[in-house]
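Here is a note for a colleague who is meeting this structure for the first time. Please keep the sequence and the 3D view open while reading the points.

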Amino acid sequence: MKFDTVIIGGGLAGMTCGIRLAQAGQRCAIVSQGQSAIHFSSGSFDLLGQLPDGEPVLDPEAGIAELAGRWPSHPYAVIGTENCARYARQVPELLREAGIRVTGQAQHNHFRITPMGKSRATWLTIDGYLTTPQIGEFPFKRVCIVNIEGFLDFYPEFIAEELRKFGIECRFGNFNHPDLELIRRNPSEMRSANIARVFDHDADLEALAAELRRLAAGCDALILPALIGINRNDSLEFLKQRVGHPIYLLPTLPPSIPGIRAQQALQHRFRALGGEYFLGDCVLSAQTEQGRVRRVFTANHGDIPFEADHFVLATGSFFSKGLVATPDRIVEPVFEADVVSRPGRAEWYTLHFFDRHEYQAFGVRTDNRLRVIRQGAPLENLYCVGAGLAGFHPVQEGCGAGVSMLSALYAAESIARASDKPVAFD
Ligand SMILES: Cc1cc2nc3c(=O)[nH]c(=O)nc-3n(C[C@H](O)[C@H](O)[C@H](O)COP(=O)(O)OP(=O)(O)OC[C@H]3O[C@@H](n4cnc5c(N)ncnc54)[C@H](O)[C@@H]3O)c2cc1C
């Protein structure tokens, strides 16, 4: 099989890169083994919430400029301040074209509310989720936090504890319905995706709306766990129209409904642009000649190779097995790329869970075009994008989605420029 570009890994980075290249007229394939981090995401996309030294960032664009000066090995520094700003302007449009409606600005973080009720700086949030312009500036004074009876991945008491610190009056409500009984028989089935499938039916949404109308009495707004809209776009609007009160969604513990929706929407967009998506397949090995990757081989296609002019390594970090830790070293399993890491395992982590662990910044070594370095030299047509890059701490710095999407756009632009189908990327 011959393509212009083969992308290995179909998470946020792989799909962003694939969409951009397909838009540029490339014949593009994504080979992806399985679920990605987006299935676990919050419904918000982070650009930069903190500098590496812990200083909070209010204006991510300005923060990236500062970071580029002081931490030159950070992916944003490699991509470059102006490029980052340009790509950050393109991302909301790319998401909206895929059907993911987001709000937010690269010059001003807003705050999303975590499943534990904490405020966290972020860049873009899917419409319908509870956000605040500043910490504590909630759009209500009295709120009812509603859960689905028996759903254990949402914690109204913790959320209320946080909201009450800002003077918000909180009440609780519970919803139950005979259609939920089937999944409730087995407590391990009471997961977000199964519940959300029940609420894809009009009759169940109507029943929920009726209960929410009752619970809304005396409240300015309602908060619901994100358990609606796995296969339809209109669920929240449907409820709001019938209830007549503002309703805000909060993310639950994984699996994440907004994440699953976003994954499906991006995959659909890539395919609609002519891309080929090989889900459930795994790239096992690669052949290189004279500093170029010629072909890769996958588990499902055996000795039938995937050939391309360019390849993109978007296999993520440890979470997705894009990086693997052996007892004494860190390995990138497909290309055996050079990896930025530390020699002694004892230096990889500390004993405190919430610390900034060294291993989180381990990743594939690249040149300033994000081309993968192997045995000290860049492979001419292999780019690394996303969570597998070295030099950043996605959680502490609050930059996971931003690094994935901006690096993907940077690599896509390089690839499109190097091909015979160049395209305007502004
Ligand atoms: C649990 C979790 C939650 C997160 N939540 C957020 C959030 O809410 N907001 C935010 O901004 N950031 C979040 N992040 C940070 C996250 O890293 C990025 O946002 C981003 O989603 C990472 O995307 P990626 O495509 O780079 O990697 P991944 O999402 O890890 O995707 C890599 C893909 O490559 C595939 N793959 C791996 N090896 C192979 C192979 N050999 N062949 C074929 N396919 C392969 C994997 O199956 C996977 O599908 C979260 C991270 C984690 C781990």
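The points below take up the ligand and its surroundings, and then the aromatic rings.

1. Please bear in mind throughout that this is a predicted model. The ligand is surrounded by 33 residues, and the closest of these are Ala37, Ser42, Val283, Ser320 and Ala387.

2. Two of the polar contacts with the ligand involve serine side chains: an N or O atom in the side chain of Ser42 lies 2.7 Å from an oxygen atom of the ligand, and an N or O atom in the side chain of Ser404 is 3.1 Å from an oxygen atom of the ligand. Val283 takes part through its backbone instead, with an N or O atom there at 2.9 Å from a nitrogen atom of the ligand.

3. On the question of cover, the ligand taken alone exposes 1,000 Å², and the protein buries 87% of that area. The elements that contribute two or more residues to the shell around the ligand are helix 1 (12-23), strand 2 (28-32), strand 3 (44-45) and helix 12 (400-418). Helix 12 gives the most, with three residues.

4. As for the character of this shell, the residues divide by class into 14 nonpolar, 17 polar and two charged.

5. Turning to the aromatic residues, a search of the whole structure finds 13 aromatic pairs. In one of them, the rings of Phe138 and Phe140 have centres 5.7 Å apart and planes at 25 degrees, which is under the 30 degrees used as the limit, so the pair counts as stacked. Phe138 and Phe140 are both buried, and they form one aromatic cluster together with Phe166 and Tyr248.

6. Another pair has a different geometry label: the ring centres of Phe270 and Tyr277 are 6.4 Å apart and the planes stand at 70 degrees, over the 60 degrees that the class requires, so this pair is edge-to-face. Phe270 counts as buried because its relative accessibility is 0%, and Tyr277 is buried as well, since its relative accessible area of 7% is under the 20% cut-off.

7. Finally, Phe238 deserves a look in the 3D view, as two arginines are placed over its ring. The charged end of Arg232 sits over this ring at 5.3 Å from the centre, while Arg242 lies over the face of Phe238 at 3.6 Å from the ring centre.

Notes: Residues are numbered from 1 along each chain as its sequence is written. This is a predicted model: local features need pLDDT of at least 70, side-chain atom pairs count only at pLDDT 80 or more; totals for chains, interfaces and linings use all residues. Side-chain values use heavy atoms; hydrogens and water are left out. A residue is near a molecule or strand if one of its heavy atoms lies within 4 Å of it. A polar contact is a pair of N or O atoms within 3.5 Å; within protein, one must be able to donate a hydrogen and the other to accept it, and residues adjacent in sequence count only if both atoms are side-chain atoms. Accessible areas come from the Shrake-Rupley method with a 1.4 Å probe; for residues, only the protein chains shown count as cover. Helices (H or I, at least four residues) and strands (E, at least two) are DSSP runs, numbered from the N terminus. Ala, Val, Leu, Ile, Met, Phe, Trp, Tyr, Cys and Pro count as nonpolar, Asp, Glu, Lys and Arg as charged, and the others, Gly among them, as polar. Rings of Phe, Tyr and Trp (its six-membered ring) pair if their centres lie within 6.5 Å; planes under 30 degrees apart count as stacked, over 60 as edge-to-face and the rest as tilted. Buried means under 20% relative accessible area, exposed over 50%, partly exposed in between (1.4 Å probe, protein chains only). A charge sits over a ring if NZ of Lys or CZ of Arg is within 6 Å of the ring centre and within 35 degrees of the ring normal.
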